[in-house]
Amino acid sequence: MSKGKLNIRCYCEGNMKRSLGTCYYPEHWPQSRWPIDAKKMVETGLTWVRIGEFAWHNLEPREGCFEFDWLDEAIACLGQAGLKVVLGTPTATPPKWVVQKYPDMLAIDAQGQPRRFGSRRHYCFSHLGYRLQCRDIVGRLAKRYGNNPVVAAWQTDNEYGCHDTTLSYSKNAEDGFRNWLRAIFSDGSNAGDIDALNAAWGNVFWSMSYADFDEIELPNLTVTEPNPAHSLAFRRYSSEQVVAFNKEQVEIIRQHSSAPISHNFMGRITDFDHFKVGEDLDIATWDSYPLGFLEDRVGASVDEQKAFARQGHPDFQAFHHDLYRAVGQGRWWVMEQQPGPVNWAPYNPVPLPGMVRFWTWEAFAHGAEAVSFFRWRQVPFAQEQMHAGLLRPDGEAAPALKEAARVAAELADAPDVAHASAELAIIFDYDADAAWSIQPHGATLSYFGLVFDLYCALRKLGVSVDLISSKVQNFSDYKMVCAPGMMHMPSDLKQALASNIGVSLIGPRSAARDAHMTIPQPLPPDIPHLDVTVSAVESLRPDMPIALSGAGAIKGYRELLEGHATPILLSKAGDTVAMEDGNLVYLGSWLDQDGFIEFLEPLCQKAGIKTIKMPEGVRRRVMGAEEFWFNHNARAVETIHGQIKPADFLRLSPSE
């Protein structure tokens, strides 16, 4: 599906009221507690309650033995209190009897070890028997609750890819991969064209050629690195399995329910294509854990980790808000919002007072329809017993409950969710992330890191950003479009960027490989109307940056550029770093934040985009008629709009 704009669904349905919710597990608590909890949720100002996503054993304790009565009563209890239910399919936690029925359904890690029972996400997406079992339980839930007015939304599974569970090196995956390759390299027969595969992958190297598709194994446990084309193909196959798994559940639910369907994605999980999964959903949601992610996933420096230990990184949550707004084609929620310390990060501090309210409003500033807190009550047992909730383990209020209630009161006077394109977009491409993961060319280099660095620099200039899929070919909504690091760039996207009437910023490492990881000829980037050629590349030690002629430096990755386009950025030694030809700009190096800011500011001015150098730790977001200034610091900060207290924000009217 080609998505030329972000507003495909939300505009046609009109603006929506912002709302709050929580994640609740009635199976964890005595039934006598359910109406007490439901009443308290309503008093707090909550609208939504997500339930059921881990309850398979409680619903089907033995194969064919179904116990839905407790779920009927839980849904009725919540509905009677005036709440709406998001019902999750329970396929992320197959019970023990399913594993015993299909012992080969367990995913196999890259070292050849099974991902055993005793936690969650212990299944291989390629196992057809497990998928058949999933269709059964999902079908029964959809038939039973599809017309229940209290069940106002659905969630498929839970956090695809979390805990490194997208790639499975099982026999089922190997069989599926071979069949997938036959279809990709089809010669019009079921046999496929093995010679075409050998040629595309360059298997003449190291005598890796195959005589038949059945000879192809999975790209793990090799003596040294496997062929990057082989690894990329397996990543693409594995991504397609996630898409197919999700699509099966969506199609079943839609046969019985008209309620919107969502999935809750996770931060910095990039090993499957979220945009393709999103094409089958009505709403994209994600699970936001600002403190948990700070040291676990952001890649923040030690100084940043200390400065934002109780607030979270100023840009990481915003990046994912913008990403999932695009994945959901305009409709998105936070399904799990951190309300206190988590249990799984290297360190688990208490948020600064006010941060739960702050994070919630930050999501609304990026266009969220709903923010749901994980979880309602801290559970006193099992793996997440140290994960805070809105209530303590004894059922009394935790500090976040007051903040949630305050947001609910503030929403009464807030406008509806506003949807509008930003002036600048960054293309985010999951296939590019796969290519960089397979061939980073430097120990600290990643596609996500490059895109995130660019995003952070733009936010420090006060620019609001849309993240868009590489399938977007119509850039008419944007004054500037950035395509950093997209290693394989199809010719139609190259042409769209070249024809863009706004500024197109391309590179570094864009169009550096063809679809099968071969260096193309002519040499990259080979963009129409842009006379630039990358003649050589190098990766740099972290302690050996290359100074720019102005502020900042090249870090990590550098390309040597040739051509007749006009140099617009030089190193201190006089080497060309970026070139332009009209509205086409090619950047051949990964810059540090000072370098990015100095480079991007005049480009934004060229595009007609207003920039404001933000105070340290302060970020600006414009969404429709609303403008927000967020202070992520643990201290008050003076801005052009006055002082902003720590863990607080300003909400401005258009006239301000």
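**Exercise 1. The hairpin**

Determine which two strands form a hairpin with five residues between them, and identify the residue in the turn that has a positive phi.

*Solution.* In this predicted model, the two elements are strand 14 and strand 15. The next step is the pairing: strand 14 covers residues 546-547, runs antiparallel to strand 15 and is joined to it by two bridges. One of the bridge partners can be named, since A547 is matched with A553 of strand 15. Last comes the turn, where G552 has a positive phi of about 85°.

**Exercise 2. Further partners of strand 15**

State how many bridges join strand 13 to strand 15, and how many join strand 15 to strand 19. Then establish how many residues of strand 15 are buried.

*Solution.* Begin with strand 13, residues 533-539: six bridges join this strand to strand 15, in antiparallel orientation. Within that pairing, V537 has E559 of strand 15 as its bridge partner. Continue with strand 19, residues 589-591, which is also antiparallel to strand 15 and is joined to it by two bridges. Here I554 is the bridge partner of L591 in strand 19. Finally, consider burial, taken as under 20% relative accessible area. By this criterion seven of the ten residues of strand 15 are buried, and the strand is mostly covered.

**Exercise 3. The second largest pocket**

Give the volume of the second largest pocket, and find which element supplies the largest share of its lining.

*Solution.* The volume is about 840 Å³. The lining consists of 35 residues, and those closest to the pocket centre are G299, S301, E304, D453 and K555. Four elements give two or more residues to this lining: helix 12 (302-307), helix 17, strand 15 (553-562) and helix 19 (593-607). The largest share, five residues, is that of helix 17. Sorted by class, the lining holds 16 nonpolar, nine polar and ten charged residues.

**Exercise 4. The largest pocket**

Describe the largest pocket by its volume, the residues closest to its centre and the classes of residue in its lining.

*Solution.* The largest pocket contains about 1200 Å³ of space. Its lining has 50 residues, of which S119, R120, E159, H163 and E384 are the closest to the centre. The elements that give two or more residues are helix 3 (56-59), helix 16 (430-438) and helix 17 (447-460). By class, 21 lining residues are nonpolar, 16 are polar and 13 are charged. To close, compare the element lists: helix 17 appears for the largest pocket and also for the second largest pocket.

Technical notes:
Residues numbered from 1 in each chain as written. Predicted model: local features only at pLDDT ≥ 70, side-chain atom pairs only at ≥ 80, totals over all residues. Heavy atoms only, no water. 1 Å grid on protein atoms, 1.4 Å probe; cavity = no way out; pocket = protein on both sides within 12 Å on 5 of 7 lines; lining within 4 Å. Points joined across faces, edges and corners; volume = space filled by probe spheres on them. Nonpolar A, V, L, I, M, F, W, Y, C, P; charged D, E, K, R; others polar. Buried < 20%, exposed > 50% of the residue type's maximum accessible area, 1.4 Å probe, protein only. Pairing = 2+ DSSP bridges.
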